[in-house]
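Subject: Structure handover

Hello,

Here is the structure we talked about, with notes on what was found in it. Please look at it before reading on.

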Amino acid sequence: MTSCAVIVAAGVGARAGPGDAKQWRPLAGRPVLRWSAEALLGAGVDELVVVVADAEEERAAEVLAGLPRWKLARGGAARSDSVKAGIAALSGGDDAVVLVHDAARPLLRRAHVERLMAAVTADGAAILALPLADTLKRDDGQGRIAATLGRAGLWRAQTPQGFRLGRLKSAYAAWPPGDEPTDEAMVVERLGDAVTLVPGDPALAKLTYPEDFAMAEQLAGAARTMRVGQGLDAHRFGPGAGVWLCGVRIAHDRALIGHSDADAGLHALTDAILGAIGAGDIGDHFPPSDPMWRGAASDQFLTHAVGLVAARGGRIVNVDVTLVCERPKIKPHREAMRTRLADLLGAPSEAVSVKATTMEGMGFTGREEGLVAQAVAMVELPA
Ligand code: MG
């Protein structure tokens, strides 16, 4: 009997923060997508189709280089479109066992695949799932508990999910258009087929938020290391009617002068993050000699640095920015700055600090000739 698998890797995964979609990020030294591909092929599936978004075929081919028996298919707008494209690309017959798997569950092991395959072979359809351990609460829409629900008999569905290929194709053909299923089992359930629950593994939890990567690294047995970086920047005051600081526009009787928008807060923070990963400084990445950056919004500099951290499989743990000036007063804008920085960093706002101080009238900041920003950033990276 032949066996085949589809890995769905066409998602955007916006909740995982800025940077590459999660299937392309490294996890313990290997891209997320490659983990699942290796596990499925290592468990002996005869054919693997990896479904990727338009224009990502080349990148997928690089990630899968050296592995046998795979091919690519192009995904659709919805997850179910991608699954349908994947199963259409398989060459197995109706009796073949097909396993459908999310790329965002990288810690798949051969034992999981074998357990599931045995159940599908015996029962025709099976999924990996975990019984609920936590007590379930329903909220009242205002952050309070409206009810406690029974958890008896409830499971969390994971992937892979396995079926006979012919049956899965029929199930998708019969699924009402416009209704998006959240997994394959529910599509097959609608035909009235029984689907067996096979014990899954907490390690197969879906990578959804930036912090999930740190947990997955730990589960993968990979060591993580902490790095710290610092940044310092100064800009001169000149004529104008406001300043950009930490990505927030503040009305003022002067402006900060610089090649870009002169947001010293974002510049110092960008340098701190680049420093933490040993990636040079902001001038290396965005040369002031390049007219392209004249008047540029500095949030793109920070976004670039955050993307470099993500590309190394890292995450930003916390940042702390200090602005040094007599005026404008920073305090009324501090929360807006924290919110803006948290958004740019893909970090929770409690991991973002903005502080301000004056130099008691001393020096160039005291004379209001210019403003200084200083920042530190803590970054967690694979060891
Ligand atoms: Mg600067």
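The domain assignment splits the protein into domain 1 (3-143 + 152-208) and domain 2 (224-382). Please keep in mind that this is a predicted model.

First, the pair of domains. The C-alpha centres of domain 1 and domain 2 are 41 Å apart. Contact between them involves four residues of domain 1 and nine residues of domain 2. Together the two domains bury about 460 Å², and carbon and sulfur atoms account for 74% of that area. On the domain 1 side, 75% of the area buried against domain 2 is supplied by P18, R25 and P26, more than by any other three residues.

As for polar interactions, zero salt bridges are counted between domain 1 and domain 2. The number of residue pairs in polar contact across this interface, with both residues at pLDDT 80 or more, is also zero. The domain 1 residues that touch domain 2 comprise two nonpolar, one polar and one charged.

Second, a single site. T322 sits in strand β16, which covers residues 315-324. Is T322 buried or exposed? Its relative accessible area is 18%, under the 20% cut-off, so T322 counts as buried. The side chain of T322 makes a polar contact with the side chain of K355, at 3.2 Å. Leaving aside residues up to four places away in sequence, T322 touches K355, T357, V372, A373 and Q374.

Regards

How values were computed
Residues are numbered from 1 along each chain as its sequence is written. This is a predicted model: local features need pLDDT of at least 70, side-chain atom pairs count only at pLDDT 80 or more; totals for chains, interfaces and linings use all residues. Side-chain values use heavy atoms; hydrogens and water are left out. Domain bounds come from an automatic or database domain assignment. Contact means heavy atoms within 4.5 Å. Buried area is the accessible area (1.4 Å probe) that two parts lose on being put together, summed over both. A salt bridge is a side-chain nitrogen of Lys or Arg within 4 Å of a carboxyl oxygen of Asp or Glu. A polar contact is a pair of N or O atoms within 3.5 Å; within protein, one must be able to donate a hydrogen and the other to accept it, and residues adjacent in sequence count only if both atoms are side-chain atoms. Ala, Val, Leu, Ile, Met, Phe, Trp, Tyr, Cys and Pro count as nonpolar, Asp, Glu, Lys and Arg as charged, and the others, Gly among them, as polar. Helices (H or I, at least four residues) and strands (E, at least two) are DSSP runs, numbered from the N terminus. Buried means under 20% relative accessible area, exposed over 50%, partly exposed in between (1.4 Å probe, protein chains only).
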